[in-house]
Amino acid sequence: MAVVSVLQALLLIGIGVAGYRAYARVTTLMTELEARQIVPIREKVDAILADVKGITARVNQQTERVDHAITGTIDRVDDTAARVRAGVHDKVSQVAGMVRGVRAVIISLLHRESHA
C-alpha cells in the first residue's frame, strides 16, 4: 500500500511537472506569436490611427473655415438685401408721394371746375 501511495505521489508530481512544462511552452509560444504577429499589426494600426487623427484635425479646420466663409457671405447678403430694401422703399415712397401730390392737384382742379 505504501508503494501505491508513493506511485500515486510520483504520478501527481509528474502530472504537475508536465502541466507546468506545457504551460511554459504555451506562454513562450504566445509571447513569440505576439512578437511576430500582433506587435507589427498593432504598429500598423497605431500608424493608421495617427493618420486618421491628423486627417480629422484637418477636416475640422477646413469645416471651421467654410463655416466662417458661409457666415460672412450670409451676413454680407443680408446687409446688401437690407440696403436694397431701404433704397427701394425710399424710391417707392418718393414716387408714391409724387403720385399723391399729382392726384391731389388733379382732384383740386376738378373740384374747382365743378364749382365754377
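**Figure 1. Accessible surface and burial of the whole chain.** In this predicted model, the chain exposes an accessible surface of about 10600 Å². Carbon and sulfur atoms account for 67% of that area. As for burial, 1% of the 116 residues count as buried, the cut-off being a relative accessible area under 20%.

**Figure 2. Overall dimensions and secondary structure.** Here we step back to take in the fold. The chain has one helix and zero strands, and helix 1 covers residues 2-115. Along the principal axes, the C-alpha atoms fill a box of roughly 155 × 35 × 10 Å. The radius of gyration is 47 Å, whereas a compact globule of 116 residues would have a value near 13 Å. For a ruler to lay along the model, take Val-26 and Val-66: they are 40 residues apart along the chain, and their C-alpha atoms are separated by 56 Å.

**Figure 3. A nonpolar patch on the surface.** Six side chains come together in this view: Val-3, Val-6, Leu-7, Leu-10, Ile-13 and Val-17. Together they offer about 580 Å² of accessible area. One of the patch residues, Val-6, is found in helix 1.

**Figure 4. The salt bridge between Asp-79 and Arg-83.** How many salt bridges does the structure hold? There is one, and it joins the side chains of Asp-79 and Arg-83, with an N to O distance of 2.6 Å. The two residues are four apart in helix 1, so about one helical turn separates them. Are these partners buried or exposed? Asp-79 is partly exposed, at 40% relative accessible area, while Arg-83 reaches 55% and is exposed. The label for Arg-83 follows because exposed means over 50%.

**Figure 5. Charges along the chain.** Zooming out from the salt bridge, this view shows the charged side chains. The chain carries 15 positive and 12 negative charges. The mean positions of these two sets are 2 Å apart.

**Figure 6. A closer look at Val-66.** Val-66 has its place in helix 1. With a relative accessibility of 46%, Val-66 counts as partly exposed, because that label covers values between the 20% and 50% cut-offs.

Definitions and conventions: Residues numbered from 1 in each chain as written. Predicted model: local features only at pLDDT ≥ 70, side-chain atom pairs only at ≥ 80, totals over all residues. Heavy atoms only, no water. Patch = residues over 30% accessible without salt bridge, like charges linked within 9 Å, V, L, I, M, F, W, Y side chains within 5 Å. Areas by Shrake-Rupley, 256 points an atom, 1.4 Å probe, with all protein chains shown as cover. Salt bridge = Lys/Arg side-chain N within 4 Å of Asp/Glu carboxyl O. Rg over C-alpha atoms; globule rule 2.2 N^0.38 Å. Buried < 20%, exposed > 50% of the residue type's maximum accessible area, 1.4 Å probe, protein only. Lys, Arg positive; Asp, Glu negative; His and termini not counted. Charge placed at Lys NZ, Arg CZ, Asp CG, Glu CD.
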